[in-house]
Amino acid sequence: MLKILLLFVVLIAGIIFGPLLAGHQGYVLIQTDDWDIETSVTSLVIMFVLLQLALLLIGWSYRRFIGTGSKAYSWFSFRKRNRARKQTGMALMKLAEGDFKEVEKLMSRNADYAEQPVVNYLLAAEAAQQRGDEFRVQQHLERAAELADTNQLPVDITRVRILLAQNENHAARTGVDELLNQAPRHPEVLRLAEVAYTRTAAWQALLDIIPSMQKIALHSDDELAQLRQKAYIGIMGQKMSENGCDGLKNWWKAQPRKVHHDNALRVVLAEHLIECNDPDTAQTIILDGIKRQYDERLILLLPRLKNTDANVIMKVLNTLIKQHGPTPLLNSTLGQIAMQQGQWAKAEEAFRNALKQRPDVHDFAWLADALDKQKKSEESAKVRKDALLMTLKKDSVIFEEPKKK
């Protein structure tokens, strides 16, 4: 605008002062090697003004052309963005329907113009995985990684999730390890880590992330306790298979008091020790746990101990009966230990006390064996008959239940 104003000023000045200077136009000579240009000052000024006008016209035409192209580009971009928005909405509906082929098709089409193109490509990758198209999965993930730039966390999480869905567990574990370095308390990263570590039996790694799960309340306290117990049980199995009974015992000694006081772990430890023919250590583990806290799971293991000091076990059982009463389990266990020692009368008494409180097929059978050892054939036959009738009665109830339904 300023240039145009100046040109108008010059033109008006020329109109006003031109006639006055008609006889005093001056003289201009432009001389080169081959040319001599002669003109007046007035003509030179007019040519300069015309040149400026030509340049302004060219500039205006160029800007108008560029502006038209930009508007056309904006119009086409708007159409593609609008189409991408509609296709994304349709894809979400297809996702709810479970039509993964259409989900991938709609999510990936015009994804570059979507509001969140990375999300579109990631969802398209997961849809392709559901169809089993690994080539398309990698294609969508690579494009998402390009668009994500520095924020690669969503892409890496999706990649690990797809690896787990494909049962590529060891590759997923490697990806999880990298994710934990980036986001150690990210909920989805911890969920994926839990699955990957469980599938690959990485029990120590699973134990290491449980505190992070607890801090973000990923699971309830009971669920975390079960997960921790599962990890410890897995570790015990590994120690047993790698280093045998000695390796398992050395590992147990190195554990903190909190682990030693967990009777569920004591049960698993004792079972492993019994399997590897170390009943003495197993007896110590079981009896220490029972003395610290009454636990029926540990009591059930006592009859499985062979070649141990049965008198110590019977003494502990009698003490428990005084403390907790003559429960069927305690009497049945006492009877089994007495049978192992050949104390048939004591075994008979214990089994009878257990059967008074609840009928049990195994106790009936053991009682009959104890009676046979004492030459009480008639009583033994009656006990076996009662056991058979009880078994038949249970079976008849089981077969009648479907009819009632």
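This report covers salt bridges, surface patches, an annotated repeat and some contacts between distant residues in a predicted model.

**Salt bridges**

The whole structure contains 17 salt bridges by search. Three of the pairs are set out below, each with the separation of the closest N and O atoms.

| Pair | Closest N and O atoms |
|---|---|
| Arg161 and Glu126 | 2.7 Å |
| Arg161 and Glu188 | 3.4 Å |
| Asp133 and Arg131 | 3.5 Å |

Arg161 pairs with Glu126 at 2.7 Å between the closest N and O atoms. This pair links distant parts of the chain, with Arg161 in helix 6 (residues 153-165) and Glu126 in helix 4 (residues 117-131), 35 residues apart. Arg161 has a relative accessibility of 26% and therefore counts as partly exposed. Glu126 is also placed in the partly exposed class, because its relative accessibility is 24%.

Arg161 forms a salt bridge with Glu188 as well, the closest N and O atoms being 3.4 Å apart. Glu188 belongs to helix 8 (residues 187-199) and Arg161 to helix 6, so this salt bridge ties together parts of the chain that are 27 residues apart in sequence. Glu126, Arg161, Glu188 and Arg191 are linked in a network of salt bridges.

The salt bridge between Asp133 and Arg131 has its closest N and O atoms 3.5 Å apart. Asp133 is partly exposed at 22% relative accessible area, and Arg131 is partly exposed at 36%. In general, side chains of opposite charge can pair when their charged atoms come close.

**Surface patches**

Arg83, Lys101, Lys105 and Arg109 form a positive patch on the surface. One of these residues, Lys101, is located in helix 3 (residues 100-108). Lys101 has a relative accessible area of 58%, and is therefore classed as exposed, the cut-off for that class being over 50%.

A nonpolar surface patch is made up of Ile30, Trp35 and Ile37, which together have about 340 Å² of accessible area. Ile37 sits in strand 2 (residues 36-39). Why does Ile37 count as partly exposed? The relative accessibility of Ile37 is 43%, and the partly exposed class lies between the buried limit of under 20% and the exposed limit of over 50%.

**Annotated repeat**

An unreviewed UniProt entry places the feature "repeat: TPR" at residues 328-361. In the model this span is 82% helix and 0% strand, and its end C-alpha atoms lie 13 Å apart.

**Residues distant in sequence**

Two further pairs are described by their C-alpha separations. Glu168 and Ala196 are 28 residues apart in sequence, and their C-alpha atoms are 9.4 Å apart in space. Glu168 is in the loop between helix 6 and helix 7 (169-182). With a relative accessible area of 41%, Glu168 is partly exposed.

The other pair is Leu371 and Ala345, which are 26 residues apart along the chain and have their C-alpha atoms separated by 8.2 Å. Leu371 is part of helix 18 (residues 361-373). Is Leu371 buried or exposed? Leu371 is buried, because its relative accessible area is 0%, and buried means under 20%.

Conventions:
Residues numbered from 1 in each chain as written. Predicted model: local features only at pLDDT ≥ 70, side-chain atom pairs only at ≥ 80, totals over all residues. Heavy atoms only, no water. Patch = residues over 30% accessible without salt bridge, like charges linked within 9 Å, V, L, I, M, F, W, Y side chains within 5 Å. Areas by Shrake-Rupley, 256 points an atom, 1.4 Å probe, with all protein chains shown as cover. Salt bridge = Lys/Arg side-chain N within 4 Å of Asp/Glu carboxyl O. Lys, Arg positive; Asp, Glu negative; His and termini not counted. Charge placed at Lys NZ, Arg CZ, Asp CG, Glu CD. Helix = DSSP H or I, 4+ residues; strand = E, 2+ residues; numbered from the N terminus. Buried < 20%, exposed > 50% of the residue type's maximum accessible area, 1.4 Å probe, protein only. UniProt positions renumbered as here; feature names shortened; annotations may be inferred.
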